[in-house]
Amino acid sequence: MAQNSFNQYCRQEADTTALAQKLALGLSHLFQADQSIHLNISLEGDLGAGKTTFARHLIQALGYAGRVKSPTYTLCEPYPIEINSDNPSSAVNIKAHHFDLYRMRDPLEWQEAGFAEHFDEPGFCLVEWPGKAEGALPAFDIEIHLRAGEDESARNISLQANTRHGIAVIEELLPQ
């Protein structure tokens, strides 16, 4: 039976980094199997729960070497990523689009911004505060919920897969 959810308590930043790296490995395997795939991933949680931090760890774990900025004011930051495999001639190029919709006041802003085209490109869209676009976004393959813990760097992270591609990624997080 397919496993469509995963939950982990991250006591410190290193635990969050490790989870993002495991998720990146699952995404890498999926994109290496089919470069044309597109995934939609939501990042949900209260202000300060670590959504942007998790996004930064994930994008860098996939191989992006530059600075991963918060898209709070730009709404979207694109990141070209080259996923390398054991065979250097079979690198996969995808694009990650990191959205932060916190400052949106109306779902119409989403439609007027013209971001919908990014949801068809090979790669993935990572969306913080998806509720701000109320129904204007496509369905999510994976939903990531972050809840801040007692300590500053502690958080509980839950992942829920809603599609077969999402399930394939989540299953890579499980112990073998």
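The legends below describe close-up views of a predicted model.

Local features need pLDDT of at least 70 and side-chain atom pairs count only at pLDDT 80 or more, while totals for chains, interfaces and linings use all residues. Residues are numbered from 1 along each chain as its sequence is written, and side-chain values use heavy atoms, with hydrogens and water left out.

**View A. The nonpolar cores.** The largest nonpolar core (buried Ala, Val, Leu, Ile, Met, Phe, Trp, Tyr and Cys residues joined through side-chain atoms within 4.5 Å; buried means under 20% relative accessible area with a 1.4 Å probe, protein chains only) has 37 residues. Phe 124, Ile 144 and Leu 159 have the most contacts inside this core. Helix α1 gives the most to it, with 7 residues. A second, separate core of 13 residues includes Leu 101, Phe 115, Val 127 and Phe 140.

**View B. Surroundings of Ile 144.** Leaving aside residues up to four places away in sequence, Ile 144 touches (heavy atoms within 4.5 Å) Leu 23, Ile 41, Phe 54 and Leu 159, among others.

**View C. Packing of α1 on α2.** Helices α1 (13–33) and α2 (residues 51–61) are DSSP runs of H or I, at least four residues. Their axes, lines fitted to C-alpha atoms over the stretch in contact, lie 8 Å apart at an angle of about 45°. This angle makes α1 oblique to α2 (neither under 35 degrees, nor over 145, nor 65 to 115). Residues in the contact include Leu 23 and Leu 27 of α1 and Phe 54 and Leu 58 of α2.

**View D. The buried side of α4.** In helix α4 (residues 164–171), His 165, Gly 166, Val 169 and Ile 170 are buried. They are on the same side of α4 because they cover an arc of only 135° around the axis, taken from the directions to the C-beta atoms.

Note on methods. Buried means under 20% relative accessible area, exposed over 50%, partly exposed in between (1.4 Å probe, protein chains only). Helices (H or I, at least four residues) and strands (E, at least two) are DSSP runs, numbered from the N terminus. Axes are lines fitted to C-alpha atoms, for helices over the stretch in contact, and angles run from 0 to 180 degrees between N-to-C directions.
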